[in-house]
Amino acid sequence: MNEFKDSAPIYLQITDTIKRRIIAGELKPGEQLPSVRQTAEDMKVNPNTVIRSYAELEREGIAEKRRGMGTFISENEAAIENVRNEVSHSLVSDFVSGMNECGFSSADIIALVQKHIEMQTERQENV
């Protein structure tokens, strides 16, 4: 992730990226996050930005710092489920707002989503 949006602070965008990786199963509970230095190099940001992002994850109970060992993904299932709910709500809210701004009704949105899901299911079955 090297392209950051102007709409939100970079540390929050990094936090959101890590949350999405947790939800996707790329980062597992109990797994160590990359070092601040490594993450800063990978994302081409200042290490202080990554420190702030990791601190935000800790504040939210999604990560925990282990003295002398680094930062790890929380094994607290409730915290992980909260992240899942938060991210899904945000994604759906942004999508519905964007569709409404384009003039789509709730019925149109539901029909389009249903059609899209059916098309994806067919593609997966044909693979």
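Reader: Which residues of H3 are buried?

Author: In this predicted model, helix H3 covers residues 47-59, and its end C-alpha atoms are 18 Å apart, which agrees with the 18 Å that its 13 residues should span at 1.5 Å a residue. What covers the buried residues of this helix includes helix H1 (10-23), helix H2 (36-43), strand E1 (63-66) and strand E2 (70-73). The buried residues themselves are Val50, Ser53, Tyr54, Glu56 and Leu57.

Reader: How wide an arc around the axis of H3 do the buried residues cover?

Author: The residues in question are Val50, Ser53, Tyr54, Glu56 and Leu57. They are placed on the same side of H3, because the arc that they cover around the axis is only 155 degrees.

Reader: Which exposed residues does the face of H3 turned away from its buried side carry?

Author: One of these residues takes part in a salt bridge, since the side chains of Glu56 and Arg59 meet at 2.6 Å, N to O. The two partners are 3 residues apart in helix H3 and are therefore separated by about one helical turn, yet Glu56 counts as buried at 13% relative accessibility, whereas Arg59 counts as exposed at 60%. The face turned away from the buried side carries the exposed residues Asn48 and Arg59.

Reader: Which residue caps the N-terminal end of H3?

Author: The cap is made by a side-chain oxygen that lies 2.7 Å from the backbone nitrogen of Asn48. At the other side of the helix, H3 is followed by Gly61, whose phi is positive, near 80 degrees. The residue that supplies the capping oxygen is Asn46.

Reader: Is Lys19 buried or exposed?

Author: Lys19 lies in helix H1, and its contacts, leaving aside neighbours within four places in sequence, are with Leu57, Glu60, Ile62, Val83, Glu86 and Val87. Its relative accessibility is 2%, and because buried means under 20%, Lys19 counts as buried.

Reader: Which residues do salt bridges that share partners join into one network?

Author: The side chains of Glu60 and Lys19 meet in a salt bridge at 2.8 Å, N to O; since Glu60 lies in the loop between H3 and E1 and Lys19 in helix H1, this pair ties together parts that are 41 residues apart in sequence. Lys19 also forms a salt bridge with Glu86, the closest N and O atoms being 2.7 Å apart, and this second pair links helix H1 to helix H4 across 67 residues. Both acidic partners are partly exposed, Glu60 at 27% relative accessibility and Glu86 at 38%. The salt bridges that share partners thus join Lys19, Glu60 and Glu86.

Reader: Which members of the largest nonpolar core touch the most other members?

Author: This core has 17 residues, and the elements that give two or more residues to it are H1, H2, H3 and helix H4 (77-101). Not counting residues up to four places away in sequence, Ile18 touches Leu27, Leu33, Ser53, Tyr54 and Leu57. The members that touch the most others are Ile18, Ile22, Leu33 and Leu57.

Reader: Where is Lys44 placed, given that its phi is a positive value in a residue other than glycine?

Author: The phi of Lys44 is near 55 degrees. With a relative accessible area of 64%, Lys44 is exposed, and its place is in the loop between H2 and H3.

Notes: Residues are numbered from 1 along each chain as its sequence is written. This is a predicted model: local features need pLDDT of at least 70, side-chain atom pairs count only at pLDDT 80 or more; totals for chains, interfaces and linings use all residues. Side-chain values use heavy atoms; hydrogens and water are left out. Helices (H or I, at least four residues) and strands (E, at least two) are DSSP runs, numbered from the N terminus. The expected span of a helix is 1.5 Å times one less than its number of residues. Buried means under 20% relative accessible area, exposed over 50%, partly exposed in between (1.4 Å probe, protein chains only). The arc is that of the directions from the helix axis to the C-beta atoms. Contact means heavy atoms within 4.5 Å. A polar contact is a pair of N or O atoms within 3.5 Å; within protein, one must be able to donate a hydrogen and the other to accept it, and residues adjacent in sequence count only if both atoms are side-chain atoms. A nonpolar core is a set of buried Ala, Val, Leu, Ile, Met, Phe, Trp, Tyr and Cys residues joined through side-chain atoms within 4.5 Å. A salt bridge is a side-chain nitrogen of Lys or Arg within 4 Å of a carboxyl oxygen of Asp or Glu.
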